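Work through the exercises below with the coordinates open. Try each task before reading its solution.

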Amino acid sequence: MALAVRVPRELSARVPAEQRGPGRGRDDVRLLVSRGTAVSHHSFRELPALLRAGDVLVVNTSTTLAAAVDGRLGPEPGGGPVVVHFSTRGDDGRWAVELRAPEPSGGTRPRGGGPPGMVVRLPGGARLVLAEPLVPGGGRLWWARVNVDVPGLLGRYGRPIRYGYTDRDQPLSAYRTVFARPSPDGSGSAEMPSAGRPFTARLVAELAGRGVRIAPLCLHTGVASAEAHEPPYPERFEVPAATAALVNAARAGGGRVIAVGTTAVRALESAVAGPSRRTGAGSVRAVAGWTDLVVTPARGVRVVDGLLTGLHEPEASHLLMLEAVAGGPALRSAYAAAVRERYLWHEFGDLHLLLPEEGAHRTHC
């Protein structure tokens with residue numbers, strides 16, 4: 001869905017919360033809470049009081065990579081500058097990449113990919129060769145072969161992906177959440193699972209003390225289409241057996257399953273076995289692999305009751321998922337309030353908690 005609101009440029013969060021004033025921390029952001037079309041306004045530190053014993057927060061443990069690397073086009077010296085965004089590692093060792101044109105401000109702008117066989121020279125003698133579009137007929141993301149170990153290359157020469165609405169480059173630590181865990185093969189997310197960013201160890205301990213359980217899963221996010229707002233491409237994910245058991249037990253006991261971020265929704269809903277929740281059948285199972293699931297209002301959600309997420313652009317494809325969780329009227333009411341009350345957008349911005357209406361019967365499809 002597209003929302004009929006305009007987000008003023010000044011509502012883009014340009015730096016992390018902890019850099020907006022002395023004594024501020026990651027959790028110094030605001031929290032908009034939706035229960036149906038009713039909205040209320042809170043600080044993020046109030047989150048434990050807004051949940052209840054028996055609820056389960058499903059979090060993404062993927063660590064963020066320094067996925068942007070400067071390069072030069074062509075096999076010989078003298079080619080034009082380009083920024084390579086490394087998106088996703090394929091099962092065959094190739095990487096999905098996006099080529100971007102550098103801006104003087106330090107940001108980037110879109111540029112066409114291809115043709116097949118194009119060479120990009122990277123630091124340290126590395127070379128990337130484009131093979132084919134990730135999606136037939138597409139031009140933004142391409143499969144490419146690289147002649148060196150990519151996680152090692154990113155560790156030496158990479159920096160976090162940055163978009164033009166931010167003021168400056170940030171250290172990689174600013175893009176990693178308290179839940180992030182390294183993968184044995186060096187994989188990770190091209191972009192931060194940002195809904196988890198405001199959590200601190202203290203807040204997690206307070207949640208646990210109130211009987212709220214934390215259930216980890218992993219989905220490695222690819223490079224978003226910041227301009228075109230395309231649906232997500234296939235991504236690697238894993239739902240552990242312990243998380244599947246915890247979610248199933250919460251559902252059986254009347255607890256709410258609340259995903260932290262759209263990535264957690266995509267992974268969890270990809271792990272549902274059985275026809276649908278409307279019939280009472282189906283449960284979450286342990287699974288690992290690739291998901292191409294796109295959650296829409298027509299598909300609905302089967303195990304997710306609520307969602308903690310950032311504020312998305314009014315035309316972003318992610319809004320279809322939010323509508324599937326909360327419904328169109330709730331979303332329109334929330335976004336109108338967010339603009340009116342001057343909430344901040346994007347990965348360093350404020351958060352939005354979508355909860356079921358009090359006393360509402362679960363009607364997942």
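**Exercise 1: R342 and H346**

Task: Classify R342 as buried, partly exposed or exposed, then do likewise for H346.

Solution. The model is predicted. Start with R342. Its relative accessibility is 44%. Buried means under 20% and exposed means over 50%. R342 therefore counts as partly exposed. Now take H346. Its relative accessible area is 16%, so H346 is buried.

Next, check the backbone. R342 is not a glycine, yet its phi is positive, at about 65 degrees. H346 is not a glycine either, and has a positive phi of about 80 degrees. Then locate them. R342 sits in the loop between helix 7 and strand 18 (351-355). H346 lies in the loop between helix 7 and strand 18.

**Exercise 2: Overall form**

Task: Find how compact the protein is for its 365 residues.

Solution. Begin with the elements: there are 7 helices and 18 strands. The radius of gyration is 20 Å, and the globule rule gives 21 Å for 365 residues. These values are close, so the protein is as compact as a globular protein of that length.

Add the box. Along the principal axes, the C-alpha atoms fill roughly 65 × 45 × 40 Å. Then burial: 54% of the 365 residues are buried. Finally, contacts. Take those between residues at least 6 apart in sequence; 72% of them join residues at least 24 apart.

**Exercise 3: The nonpolar cores**

Task: State how many residues the largest nonpolar core has, and which of them have the most contacts inside it.

Solution. The largest core has 45 residues. Those with the most contacts inside it are V58, V265, L268, V284, V304, Y335 and W345. Several elements give two or more residues to this core, including strand 3 (56-60), strand 11 (213-219), helix 4 (241-253), helix 5 (262-270) and helix 7 (328-340).

Zoom in on V58, setting aside its neighbours within four places in sequence. Its contacts are A215, L217, V247, V257, I258, A259, V260, A264 and L268. A second, separate core has 29 residues, among them V82, W95, L122 and V150.

**Exercise 4: The largest cavity**

Task: Give the volume of the largest cavity and its lining residues.

Solution. Count first: the structure holds 3 cavities of 30 Å³ or more. The largest cavity has a volume of about 50 Å³. Its lining is L65, S87, T88, R89, W95, S187, G188, H220 and R236.

Sort the lining by class: 2 residues are nonpolar, 5 polar and 2 charged. Then sort by element. Strand 5 (residues 81-89) gives the largest share, 3 residues. W95 links two exercises: it lines this cavity and is included in the second core.

**Exercise 5: D27 and A49**

Task: Decide whether D27 is buried or exposed, and repeat for A49.

Solution. D27 is found in the segment before strand 1 (30-35). At 10% relative accessibility, D27 counts as buried. Leaving aside its neighbours within four places in sequence, D27 contacts F44, R45, P198 and T200.

A49 belongs to helix 1 (residues 47-50). Its relative accessibility is 54%, so A49 counts as exposed. Last, compare sequence with space. A49 and E206 are 157 residues apart in sequence. Their C-alpha atoms are 9.5 Å apart.

Methods
Residues are numbered from 1 along each chain as its sequence is written. This is a predicted model: local features need pLDDT of at least 70, side-chain atom pairs count only at pLDDT 80 or more; totals for chains, interfaces and linings use all residues. Side-chain values use heavy atoms; hydrogens and water are left out. On a 1 Å grid over the protein atoms alone, a cavity is a set of points where a 1.4 Å probe fits but cannot get out, and a pocket is an open set with protein on both sides within 12 Å along at least five of seven lines; lining residues have an atom within 4 Å of a point. Grid points are joined across faces, edges and corners, and a volume is the space filled by probe spheres set on the points. Helices (H or I, at least four residues) and strands (E, at least two) are DSSP runs, numbered from the N terminus. Ala, Val, Leu, Ile, Met, Phe, Trp, Tyr, Cys and Pro count as nonpolar, Asp, Glu, Lys and Arg as charged, and the others, Gly among them, as polar. A nonpolar core is a set of buried Ala, Val, Leu, Ile, Met, Phe, Trp, Tyr and Cys residues joined through side-chain atoms within 4.5 Å. Buried means under 20% relative accessible area, exposed over 50%, partly exposed in between (1.4 Å probe, protein chains only). Contact means heavy atoms within 4.5 Å. The radius of gyration is taken over C-alpha atoms; the globule rule is 2.2 Å times the number of residues to the power 0.38.
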